[in-house]
Structure formats: structure tokens, C-alpha cells
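Trainee: Please take me closely through one chain of this assembly. I want to know what it touches and what lies beyond.

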Amino acid sequence: MFQTSLSLNDVMFLLQGAGVTLLITFWAMLGGTILGIIFGVFRATTPWWATAPLAFVLDIFRSVPLLIQLVLVNAFQAIAGLNISAFVVSCIVLALYTSAYCSELVRGGIAAVPVTTRRAARSLGMTWWQDMTQIVYPIALRIMLPSWIGLTLGVMKDTALVSWLGIIELLRSSQIIVTRIQEPLFVLTVAGLIYFIISFPISRLGARLERKWREND
Amino acid sequence: MIEIENVHKSFGDLKVLDNVSLTVKKGEVVSIIGGSGSGKSTLLMCINGLEPIQSGSIRVDGIEVHAKGTDINKLRTKIGIVFQQWNAFPHLTVLENVTLAPRKVLKKSKAEADAIGRKQLEHVGLGDKLDVYPSKLSGGQQQRMAIARALAMEPQYMLFDEVTSALDPQLVGEVLDTMRLLAKEGMTMILVTHEMAFAREVSDRVAFFKSGKMHEIGTPEQIFGNPQRPETAQFLASVL
Amino acid sequence: MFNYTFHWRPAIQALPQMLGGAVVTLQIAVISMIIGILIGVVLAVMSGSSSKILRGIAGTWIEIARNTPALFQIYMAYFGLGQFGIHLDSFVALLSGIAFNNAGYLAETFRGGLRAVPATQVRAARSLGFGPISAFRLIVLPQMFRAVFYPMTNQMVWAILMTSLGVVVGLNSDLTGVTQELNVKTFRTFEYFAIAAVLYYLIAKAVTLGARAFAYRLFRY
């Protein structure tokens, strides 16, 4: 029979870690989505040379490893004496990181709305704002939502890196248990399963939404 | 000679070819007309073995197309086919589109294949587009390129499957001109077409298909002037 | 606030060492991509096969690679395999973790690439007398390559970024590992990691721009 020293307490500890993972994901997605929409709309509606500096900065978030970003911002806040907790640093870095990807989604979504459709809206006497809220927003949302769900899952997985700053999220909590009971394969499998249980249904939902909307087109 | 004898083919319950027999002699131009879903295009696919048949036989120059031992790839080099969707190879230039099969299938040298390619592209009026990619061509030009691509194999027979149906009206003429030229040069052709005036003009014989059956075949004068079957008359009345 | 003096000189002096780390980083990324492409193709073919077992294996691999953190996959290689008596050093563990991840993502990319080439292209090629294999090689493959090229470049950038996770399993020869060693000796965290960030950025940009130039030459159509 299969034997393990993994106790119920340990499982609770893992679930607590999963809670932290979800909490950081939530804040990162909230902040990242709000910023991403602002940046994305700005980039989609303003000439490229005006948005080039922003585009450059956002590109950095996508071209430097997240781990390095976390370490850098954490070191910076220590130097500046800001006294922010590692948790807040993690949320801020992940939110900025997310906003870089999200702004691309928003920009792409808006660009994918046919110009002719928008012209038709304007020719009916709609204002720019009405065009954006009544026409562009619903169409772009359909295009973006599946990718946004994918982004959420990506960020959820990337939160594993905040363990480097000492935050005990899901993966780190599994490591702590491994060190004690010395059953890496089993404990990691349990942790992987928890990741899977969180993300698999969401990714299926995303795929289904995408299919459904494509059929309606 | 293409000999089609008692060919049957069905997709599930749907009979697409129902006891079709037709013989096309060397140098002959045969047009097949009929409504959509009448099995016309399927017949062409069966002639060069792109679609299997359930019974009957199709022989090209005496070779059984659907027999097990037949070298179908070799046989296909004798039969050119042009589709409704021109299916240009987008990653190759116009000249490369035309010379690829002569080089790789017929194992001709590059110089030899290029010479053939140039000649055939001249022939269809694309002599000035050799190094252009298909995406830069109009539909009519792409379709003429597809014709040149088939001709570069120096086939004995040409099959045309509604080659003008997907084209803008103003581009139809240039493709028909190319086919007219081929007919004049004595190419053996079977064409499935919706262009009645063209069928009447170039064909030696015209066949009328409906629901997988060949209802009538005869000279253009007979079919268009004095159809024997009510189905034919009805169809012509609806399209002319 | 800011009673800290930045010391850039030692960090700049450490540049050759860090560049050495960058070379290792690139090595890991390139090798993991090659392995990932090879396995990815196999997985893509397997997931389209009629055998339920083959489809199951490919599906499991792809889902694990896509639905768990890359760090988890590296942990599995480093700690998890130990239970089977397989002890990988941190370099090999990192390499296998990333290759596993690449293969899963690329398999999906390749599946999409196959779908991107319409069946009528094969039909047109067959009608010219090409056999099934040469039709695939001469007509489908080049078009598929174009469809997967951009996602493959993305995966390469991902692979480079993922190499930074090696430090978590104790790798000290790649760019992040070298940087961390310098950091531990001097506690000049910000300076060293800022330089590492610049280097990562330059590597990622070089790969992206290089790929774009390559694509421009390659895909003229």
C-alpha cells in the first residue's frame, strides 16, 4: 500500500498557500487589467510616436525575467526606505507585468474592430464616446476575453516566483513540506494537482467561449 | 482517350454519380453543365483519382485509374486539372509555382523546367509576372497561372472544374480567352462550367447532369437548340 | 529616504563575468528549444493519431506543461525525479524543465500550423502528380513553417526568460545565477540585477529582431 507522512495539517498548509497564490493573482489581475485598459486604449487611439515611450517601457516588462523584476523592485524599495511588504511589492510588480500584456490585448482587440463598422456608427450620428462604448467595446470584448482568461492563468502560474521574496504561496508551501517529510514527488504532485484543478476548468471555459463566439460570427 | 463506364459513387445515402458513362476522344472538347450538386465536379475528381469510385471503371489511355496497381501519380502527370479555387502555392513565385512539378515529379533540370514554365506563362499572358508572388496577382491572373501550372506538365488531357465561378465578372473573360486558345490548339478538354455561351462556342459535345445522372449528351446545337429531355429544357430555361 | 549611494563601478567591472553567464543562458535556451521542437512535433503528430493511448500521453504532457508553473516543472525535474533515483544537477534539471515546457506549448503551435494549411493545397499538389510525402514536404511544410515561425520566436523568448529560474534550484553559471553570486558577496542587489535586467532585455530584443529580419528574408510572399 502507498504510505505517506503527509498529514491533514500539511494539506491545509498547502491550501493556505493556494489561497495566497489566488490572492496575489487577484490583485495583479485587478491592477493589471485597469492599467492595461488605460494603456491599451491610449495606444490604440493616439499616434504611435506619442505612445512610443509607453510602448518601450511596457515592452521591458515582457523582455526581462519576472524574477529579476521582483528582485529589482524589492531592492529599490529597500534602498528608498519605503518599507513596503514583500506581498505588496509582489502585487505591484505582477500588476505592472500584467498591464504590459493586457494593454497588448486591448490594443489588438480595438484594432480588430473593422473601421467600416465604426464608420457606420459615426455616420449614424454617434459621438466618439458612444462609438467606443456601444460599438467598439462589445466587439473588442468578445475578441479579448479568451486571451484575457489565458492571461489570468499565465499570471496565476507566474505568481510561483514570488516565493523568491519569501512569500509562502502554493509552490513554496509544498517545498517547505518536502524539506520536512522528504517525499518530493508526492508533495509536488499534490501541489501540481492543485494548480491544475484551479486552471484547467478556467482554460476549458476560455476555449469554449472562443468556440461559441466564433460560431456566432 | 478517356473512357468512363457505368460509374457509381455515393457519399452515404447521397448518390453523387449514378451510372455515368462517357467517352472523350483525343482532341475533343466536352462541356458538362447542370445545377449545383449534380455531381459534375466529382466526376472530374474521379477521372484523376482524387476521389474513389464505388463501381464501374474509368480508363485513361487504356489504364484503369482506380485499379490497385496503377501508378496514380504517373497517371496524373498526363491529366491536368484546374479547380474553382485556383490553389496557388502562396510560398512560391509564379514561375516556381509552374516549374515545381516538372522539376520534382518529371525530374527535369531547372533550366529545362524554367524554359517550359516561361513558355506556358507567356502562353496564358503572364510572361511579365514570373518573379511575383501569387498574393500580388488578381484572381483571374492566379487562375491563368493555375492553368499554366497544369500545362507545364505537358498533359494529354485538361480538366476544368468551374474555373470561372469564383472570379469577379470582369475577370472571367481573360480566363475564358486562355481556355478558348487551348481548345483551338487541339487540347483534349473536359470542362464543368456555368458559362453557357462559352460551352456552346467551344465544345464538340455538351453533357447535361442532374442529381448524379447524365440525362443528355449531344452537340451544342442539339442541347441548346433542341433539347430532348424535359430536365435539360427546364435547366436551360432557368439559366439562359 | 535614499540614504544610499549607488556603486556602479564594481557592477560594471563584473560585466565580463555576467556576459559569460549570458552565454550559458543562451545555450540553455537554444538547446531547450531544439529538444522542445523535436518533442513538440512528435506530440503534435501523436495528438492527431487514432490511438487513444498516444493521444492520452500527448494530451497529458501538453496539459501539464500549460497548466502548471514552469518553476513547478523545474522542481519536478530537480527534486521529484530524485525519488526514482534520478538525480539531475541543477543545469540539467533546468534544461529538462524548460524543454518539457517548450514541447507542450510548441505541440499546440504545430497543431495550429497544420490546420493553417488548407486541404485544397494538398489536393492541388496531388493533382500535379506529387506523392503524399513530397506534397507534404514541398507544399505543406513550408507554409506550416511560416504559420509557426512567429509563435516559435515567442517561445524562444519565453525560454530565455525561464532560464532565470535556474537560480532557484541552485544554478550559478547562467546570467541570473552569476548575478546572484555577485549579489551574495557584495549585497549590491540593485546594481547587479539592474545590469542583468539590461542584458536580458538586450538578448530578448536581439532574438526578436533577428527573427524578424530572418522572417523578412524568408517569407517574401
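Mentor: The tour below starts with chain C and ends with a partner, chain B. This is a predicted model, where local features need pLDDT of at least 70, side-chain atom pairs count only at pLDDT 80 or more, and totals for chains, interfaces and linings use all residues. Residues are numbered from 1 along each chain as its sequence is written, while chains are lettered from A and ligands numbered from 1 in the order in which they are written.

Start where chain C meets chain A. Here 30 residues of chain C are in contact (C-beta atoms, placed from the backbone, within 7 Å) with 29 residues of chain A. On the chain C side, three helices (DSSP runs of H or I, at least four residues, numbered from the N terminus) each give two or more residues: H3 (52–67), H4 (70–78) and H9 (189–218). H9(C) supplies the largest share, ten residues. This side has 20 nonpolar residues (Ala, Val, Leu, Ile, Met, Phe, Trp, Tyr, Cys, Pro), two charged (Asp, Glu, Lys, Arg) and eight polar (the others, Gly among them).

Now turn to chain B. Chain C puts 18 residues into that contact, and chain B puts in 20. Helix H6 (119–127) and helix H7 (132–163) of chain C are the elements that give two or more residues to the chain C side. That side divides into seven nonpolar, seven polar and four charged residues.

Next, the interior. The largest nonpolar core (buried residues of the nonpolar set without Pro, joined through C-beta atoms within 7 Å) holds 111 residues. Buried requires 20 or more other C-beta atoms within 10 Å of the residue's own. C:Leu71 and C:Ile74 touch the most other members of this core. Helix H4 (residues 86–111) of chain A gives the most to the core, with 13 residues. Apart from neighbours within four places in sequence, C:Ile74 is in contact with C:Ala93, C:Leu94, C:Gly97, C:Leu165 and C:Val169. A second, separate core has 80 residues, including B:Ile32, B:Ile53, B:Leu182 and B:Ala199.

That leads back to chain B. An unreviewed UniProt entry lists "domain: ABC transporter" for residues 2–236 of chain B; such annotations may be inferred rather than shown by experiment. The span is 37% helix and 26% strand (E, at least two residues). Its end C-alpha atoms lie 27 Å apart. Chain B also has an open sheet of four strands, in the order S2-S1-S4-S5, with antiparallel pairing (at least two DSSP bridges). Strand S2 (14–24) and strand S5 (63–64) of chain B are the edges. Strand S1 (residues 2–11) of chain B pairs with S2(B) over seven bridges. There, B:Ser10 stands opposite B:Lys15.

Notes:
Contact = placed C-beta atoms within 7 Å. Buried ≥ 20, exposed ≤ 12 C-beta atoms within 10 Å, placed from the backbone.
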